[in-house]
Amino acid sequence: MDANRRQSGIQQLLAVEQEAQQIVNAARAAKSARLKQAKEEAEREIAEYRAQMEAEFQRKVAESSGDSGANVKRLEEETAAKIEQLNQQAASISPDVIQMLLRHVTTVKN
């Protein structure tokens, strides 16, 4: 009877070992499936974030390029006004500068 009992015990151990192996295999498969799902979700989130950042970048580029035309026009107007102001200042002091230069050139010191 001991031999039958041992044989029965061995059979039970083998059956339990196979069941445990099936549980481990199922857990590995579930883990693999979950990792694949997590990777797909992460890639989807990355793509959404990239699209959002690209759209924001394009919006900022469009805004700044629209402003650059206005900025160029404003700078041209400011430059023209400054040139006109400098020309007026030069014209107002030009006779005095000419007189000063003539005085220094024509005056002889001993």
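## Figure legends: a predicted one-helix protein

The protein exposes about 10,300 Å², and carbon and sulfur atoms supply 57% of this area. Accessible areas come from the Shrake-Rupley method with a 1.4 Å probe; for residues, only the protein chains shown count as cover. This is a predicted model: local features need pLDDT of at least 70, side-chain atom pairs count only at pLDDT 80 or more, and totals for chains, interfaces and linings use all residues. Residues are numbered from 1 along each chain as its sequence is written, and side-chain values use heavy atoms, with hydrogens and water left out.

**View 1. The whole chain holds 1 helix and 0 strands.** Helices (H or I, at least four residues) and strands (E, at least two) are DSSP runs, numbered from the N terminus. The radius of gyration is 45 Å, well over the 13 Å that the globule rule gives for 110 residues, so the protein is more spread out than a compact globule. That radius is taken over C-alpha atoms, and the rule is 2.2 Å times the number of residues to the power 0.38. Along its principal axes, the C-alpha trace spans about 145 × 40 × 10 Å. Buried residues make up 0% of the 110 residues. Buried means under 20% relative accessible area, exposed over 50%, and partly exposed in between (1.4 Å probe, protein chains only).

**View 2. Residues 25-59 carry the UniProt feature "coiled-coil region".** The feature comes from an unreviewed entry. UniProt positions are given in the numbering used here, feature names are shortened, and annotations may be inferred rather than shown by experiment. The span is 100% helix and 0% strand. Its end C-alpha atoms lie 51 Å apart.

**View 3. Glu56 and Lys60 meet in a salt bridge.** The N to O distance is 3.5 Å. A salt bridge is a side-chain nitrogen of Lys or Arg within 4 Å of a carboxyl oxygen of Asp or Glu. The structure holds 2 of these bridges. Glu56 and Lys60 are 4 residues apart in helix H1 (residues 2-106), so about one helical turn separates them. Glu56 is partly exposed, at 30% relative accessible area. Lys60 is partly exposed too, at 46%.

**View 4. Arg74 forms a salt bridge with Glu78.** The closest N and O atoms are 2.9 Å apart. Why are Glu78 and Arg74 separated by about one helical turn? Because they are 4 residues apart in helix H1. Glu78 is partly exposed, with 43% relative accessibility. Arg74 is partly exposed, with a relative accessible area of 39%.
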